Amino acid sequence: MKLRELLQNVPNITPSLDAGVLEAEIKGLCTNSQTCQEGDLFIGLPGTRVDGGEFWSSAIAKGAIAAIISPQAFQKHPPKADSSLIEVEDIIVVCAQIAATFYHRPGEKLKLVGVTGTNGKTTTTHLIEYFLREANLATALFGTLYTRWQGYEKVALHTTPFALDLQQQLAEAVVAGSKYGVMEVSSHALSQHRVQECPFEVAVFTNLTQDHLDFHKDMEDYFQAKAQLFSPEYLKGRAIINLDDSYGKCLIAEASQPVWTYSVSDTTAD
């Protein structure tokens, strides 16, 4: 895919690059400057300690056609001459948009089920995967323990992969014949836009208890991160929400689509 084609699907990018660079064929995407290869597009993501965009020159030296970096990285290590740099404000969102475009929007080719909550995500996703497979529906699982689909299984590194890895895995699952995708969606993933460009047919909320307050400033911030999954940005179908949980009751007002509620105590549903 040409660099021009990748960028034209990203709003608010007007790169001042040579025509030759824009028409160059992008062979892969890379967020680690040390592993960049000839023909890659480097995306320098900010980390907890250092901004990966600061290493754009290393990526270019290894053969990257261009580098997308944050304004902060650009200011800290500005180019000395004309270069293949693209400066963007919200680089995490841009990374997800470019990854989805590069892998031909695989999330739209699967019926995605997203499960979020403090407890029960893994159990719930495995149960959904089991029932779908029992119905002879080709299903991919993306979760805390495994990433797997027909002919492939690997121990997961994150509950929800980062956007570039997630889009690549979704694409591989599609190629393998998967029709459904069942995904654990963490609050970190929602806060960090890892599931950007993933339209969910169904979103499930299990519960919310105190956790991850090293990442979220308080319980309200934690809840609002989870609630994003039920916003129009992500949810395109139905929401399934646990009414036994007080945050579940609050979430009903947040859901953008029809809601099915359930109660663990009496196993009835509305």
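Q: Which residues count as contacts of Lys226, leaving aside its neighbours within four places in sequence?
A: Contact means heavy atoms within 4.5 Å. By that rule, Lys226 is in contact with Thr116, Gly117, Thr118, Lys121, Val185, Ser186, Ser187, Leu190 and Leu208, once neighbours within four places in sequence are set aside. This is a predicted model, in which local features need pLDDT of at least 70, side-chain atom pairs count only at pLDDT 80 or more, and totals for chains, interfaces and linings use all residues. Residues are numbered from 1 along each chain as its sequence is written, and side-chain values use heavy atoms, with hydrogens and water left out.

Q: Why is Lys226 called buried?
A: Buried means under 20% relative accessible area, exposed over 50%, and partly exposed in between (1.4 Å probe, protein chains only). Lys226 has a relative accessible area of 2%, so it is called buried.

Q: Lys226 is found in helix H9; what covers the buried residues of H9?
A: Helices (H or I, at least four residues) and strands (E, at least two) are DSSP runs, numbered from the N terminus. Helix H9 spans residues 219-227, and its buried residues are Met219, Tyr222, Phe223, Ala225, Lys226 and Ala227. Their cover includes strand S5 (111-116), as well as helices H6 (121-134), H8 (187-191) and H10 (246-252).

Q: What makes a polar contact at the start of H9?
A: A polar contact is a pair of N or O atoms within 3.5 Å; within protein, one must be able to donate a hydrogen and the other to accept it, and residues adjacent in sequence count only if both atoms are side-chain atoms. Here a side-chain oxygen of Asp218 comes to within 3.2 Å of the backbone nitrogen of Glu220.

Q: Why is Leu6 called buried, and what does it touch?
A: Leu6 is found in helix H1 (residues 3-7). Its relative accessible area is 0%, so Leu6 is buried. Not counting residues up to four places away in sequence, Leu6 touches Met1, Ile26, Leu29, Leu41, Ile98, Thr101 and Phe102. Of these, Ile26 is 20 residues from Leu6 in sequence and 8.7 Å away in space, C-alpha to C-alpha.

Q: Why does the radius of gyration of the protein chain agree with a compact globule?
A: The radius is taken over C-alpha atoms, and the globule rule is 2.2 Å times the number of residues to the power 0.38. For 270 residues a compact globule would come near 18 Å; the protein chain has 20 Å, which agrees.

Q: How many residues of the protein chain count as buried?
A: Of its 270 residues, 49% count as buried.
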